[in-house]
Every structure is written in C-alpha cells, then in structure tokens.
Amino acid sequence: MVNLVSVCKNWQGQARVLDHVTLELKRGEFVYIVGGTGAGKSSLLRLIATEDAPTAGSVSLFGYDLSSISPTTLRAIRRLIGYVPQNVQLIPDLSVFDNVALSLSLANPRSQFLSVDARKKINESLERLGIVAKRDQMARALSGGEAQRVAVARALVRSPELIIADEPTGAQDHEHTWSMMDLFSRANIGGATVLLATHDREIVRRIRKKCVVLKQGRLTVEEVGLPMMMTGAALQPRKGV
Amino acid sequence: MIYLLRLAMRPWRVAPMSQIFSAFVVGFLVLFSGFLFWMEQGLKPIVHRLQGEQVITAWLSPDVLESDEQALLKQVQDIVLSTPGQRSQRYPIDFRLTGSAEFLKQIEKPYPELARQVQETQGEVKDLVPRYITLSGVFEDAVLEQVKSVRGIESAESSKNRHAHVVGAYRALRWVVRILVAGLALALLTGLIHLARMNAHLHRDALSILRLWGAGPWTLRAPALFSGGLVGMIGGLTSLGGWLAISPWLLQNLKQLSPMLSELEVPRWEAALSLWAAGIVIGVISGSAGAWSVAGGTAGEVGASDEVGERAQSTARGTA
C-alpha cells in the first residue's frame, strides 16, 4: 500500500529533514507516527500525501512509484487518499458543507451533482464530529478546533483507502478527540489504511497500534504500543485525562 | 462548478478595488482601441479613393469627324468599364465630350476676343480648337493606357497623384493608429496578466488542496479563468456602454474636421458587441496566463513547490 525506500528530504538552506527513511505499510494497517518537534513527521506525511517529492529515495503508493507515474494515474491515486494536513487548509470562501462536498465531488469526478445519499453522508459525517450545526457557516469563521474537525470530515467522507492525518486532534478537547479517533478506528475496521501523526501519548496508549518513531529525520523505533520516548516528560498527558 | 465560481470570486472579496479599477481600465483601453481601429478602417476607403481619384483627359485626333464623336465617346466608355476591376469601383464615373462648339462656348465668356478670332478662321476651326473627352472618377491604373489605345484618341493624360501628399499623410496616420492599437493591447495584456497572477496567488492555498484531492488541470485553472473572464466582461461592458454613448458625438466632430472625413462610416452596434467580446477574450487570456502559473506546471506532478513546503515546515515548527 505505502512503500518508502531510503527517502531523504532537504528543504532549501536547511538541514536534512528526513534521512534515509524506509517504511512499509500494508493494506488495513493503523500506524502512528510519533516524534518530537522538527523530527520530520509532517514532512514524511506530506511526501506520502503526494504534496511533496523526496530529495532522494522512492515513494510508492498502491504499487505505483510516484516519481514515474502519469498525471492521470497520480490524480486517480490522490482520489483514494483522505488527507488531513496539519494546517487544515479549508477553503475559506466555502461553507463547511461545501468544503466537505467539494472534496467528495472531486473523489467522484463523473457525478456532476451531489446525490441525496451523498448529502446524507456529508451530514452524518458532520454530525459525528459535532459540527453539523455549523454546516452553513463559512469556513473562515470557524475556530481552530472546528476547522480541524471539518478537515477530518472532508477526508473521511471520501471513504478513502488511505487516510493520512497530521496531528488531527491537536486543537480538540477530550470529547472531540475520542469521537474523532473513533471515526479513524471505524474507517480502519472498514478496510482503510490509517497513518496518523500525533503528540498525544494518551491516544497511543489507549488505542494500541503500530508505532513509527521519528527522531531527527531518522526512523528509529517501530513497535506496537507506547514507545519508550513517549513515556518521558517531554510529552505530557492532556489535562483531565 | 458552483464551488469553483465561488473560488473565482475570492479576489473580488479580498481585493475588490483592484478588480474594479482593472475592469474600468480594461473598458477604457478596449474602447480607445476600438475607436482607433474604427478610424483605421474608416480611413482605408478614403485613402483608396484619394489614390485612385483622377481626371483623364483624352484628346481627339483632328481627323475624327464631328459625326463620329459620339461613337468615339461610347467606345471610350465601353473600354473603360471593361477594364478589370473597374466595375467594382463604388464611385461614379463621369464621361464628358467637349466638341469644338462647346469649347468655343466655354471660352466665349472669359476670353471673348479669343473666341471671336477663332470663329473668324472658319474652316480652320476644326484644327485649331481642341476636342477632348474627360473622364472623372476613381480609375484602375490600366485605364489610362486603355484609353490611349482607342483609335481616334491622339493622346491622353491623367491628373493622378495630385493628392499624393494627402495620401501619404493618411497612410502615416493609419500606421500610427495600428502601432497605437498594438501598444494598447500589449499594455492591457501585461496589466491584466499581472492582475491574474495576483488573483492566482490568492487562490494558491485552495488550489493546493484541490490538487491533493485529485482535481484535474482544468478544475485547477477554472477559478483564475473565471476571475479573469469576469474582469474582462465588466471591462467589455464598460467599453460597450462608452461606445454607444460617445460614438455619435465623436463621429459628428470628426466629420467637421475635414470634408475628406465625411465618408467615415457610422459606428455600428455590432462593433459595440465586438468590444464586449474583446474584453471577455482579453480577460480570459490573461486569466489563463495566471491559471497556468498556478496550476499548469504542477497539476499533474508530485509536490507543489519548495516554497509551500518550507512554509508548512515553519508553520509546523511554530505550532508544535
């Protein structure tokens, strides 16, 4: 499903962000990516989400090497991905509903209009994330947490085969964190492969899945459960948990 | 499609004055170019007429009998009208035969003594008094030679090129107008492409996420095309209104400048619609330039740009 071989990424004028990262994700896996600030989590996810190209090494998705595929194949692959970027990237000129609807309509480019089922699906998705009341509100008027939930709804409504989420719970309260994680788990049970970057040790502790640890751009640990580095003082549990 | 239209409206929300000002500039420049083009086209037939307009004087041989003069006139008429290209001339041709009697009548009043002396020569009048056919109008170059070749015509001469200096001036004016129109079009496109690129920059974030959702190149280009087209359409409407409002007044004043300009054609309403269409086309062309700069190069490639990546990286560091 996802295969990275000796991937490096350098940003111009900066040190290497990813240093010979090799990673393989099988279909239906749920994997956390954990690591400190600047460890390269977001860079890694951006490469897998096809947002960036690696400086060296190769990234393959669904069996296709991204460096050598046609634009049409790339678009088809992108339609199979549900991506929640760290900076959310909602379209501010559209309402909450339209942001989600546009994502869904691009996943099914042949259907010109939203069907009744599609509308129902969007509303259900918004309801599960507790933002259905704001469905007609412009995205630019949302708070950070609300925008993050819309971004998750936007990614999941496409019923993607690969979900990539970069700190999706970073601005959420306790209740919304777990309802969001519940949605990711359900999608995973439904067959989707989930790749989730997080700082939240409580999430990793409670929902025990495979963990990939990034440290200074290097993939150092890979185990199931709470990795050693997350037991340290650097990553504190959220209040009230 | 409706979502893309809303995206296209973002520049109108974020920078409305830039859009409005640009639309009016488009309108003014298209209107100005339209007037210049109309003048350039209007001068074409005037220059053509001045170039071809002439009086050909064909002198009759002394041996042509008075009784054959009308037949000779008819022969000249036929040969002139059968010259290739001559029938397509829209200007009327005047054929006039001046015989001995008519010539004497013409000089009788201004030169009575001379007329009296000529008449006294009796039988020599035929040799002394010139007889000629005058042809006035716009002629093809070959006509003069055709007339000379008619039996009974001793010689023929033309007043062609008497307007050469005026023709030269009008030709120069037409070139100046053409260069001005080309310059205006270039300035217009350059300004609009800058606007389109600015607009495209406003769409950049939205387009980067659309790209990641699998949007095709035309979906990515649509917002910039729409916003460019909208500026062009409003500009075109401005020029259409301006054309309809100003053109009658302008025509009236131009015609008063010179009698030669009286042939300028009345601006037509189709021309006004053409200006509107020109505005839209210019807007769409500039929009497509902006769209290409944003979507064209990376629509089907992995990764947007290092600039975007670095921005995301620094954002991540700031928020983490």
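Which side chains along strand β1 (residues 53-60) of chain B point to one face and are buried, and which point to the other and are not? In this predicted model, the side chains of that strand alternate, with Q54(B), I56(B), A58(B) and L60(B) pointing to one face and buried, whereas E53(B), V55(B), T57(B) and W59(B) point to the other face and are not buried. The points below cover the pairing of this strand, a sheet in chain A, and a loop residue in chain A.

**Strand pairing in chain B**
- Strand β1(B) runs antiparallel to strand β3 (residues 132-138) of chain B, to which 7 bridges join it, and I56(B), one of the buried residues of β1(B), has L135(B) as its bridge partner in β3(B).
- Strand β1(B) also runs antiparallel to strand β4 (residues 153-158) of chain B, here with 5 bridges, and the bridge partner of T57(B) in β4(B) is E157(B).

**An open sheet in chain A**
- In chain A, 4 strands in the order β2-β1-β4-β5 form an open sheet with antiparallel pairing, and its edge strands, β2 (16-25) and β5 (64-65), each pair on one side only.
- Within chain A, strand β1 (residues 2-10) and strand β4 (residues 56-61) are antiparallel and joined by 5 bridges, with V5(A) standing opposite S58(A) in β4(A).

**A loop residue in chain A**
- G191(A) lies in the loop between α6 (174-189) and β8 (193-197) of chain A, and G191(A) is exposed because 10 other C-beta atoms lie within 10 Å, where the cut-off for exposed is 12 or fewer.
- The C-alpha atoms of G191(A) and E161(A) are separated by 7.2 Å, although these residues are 30 residues apart along the chain.

Note on methods
Residues are numbered from 1 along each chain as its sequence is written. Chains are lettered from A and ligands numbered from 1 in the order in which they are written. This is a predicted model: local features need pLDDT of at least 70, side-chain atom pairs count only at pLDDT 80 or more; totals for chains, interfaces and linings use all residues. A residue is buried if 20 or more other C-beta atoms lie within 10 Å of its own, exposed if 12 or fewer, and partly exposed in between; C-beta atoms are placed from the backbone. Helices (H or I, at least four residues) and strands (E, at least two) are DSSP runs, numbered from the N terminus. Two strands pair if DSSP finds at least two bridges between them.
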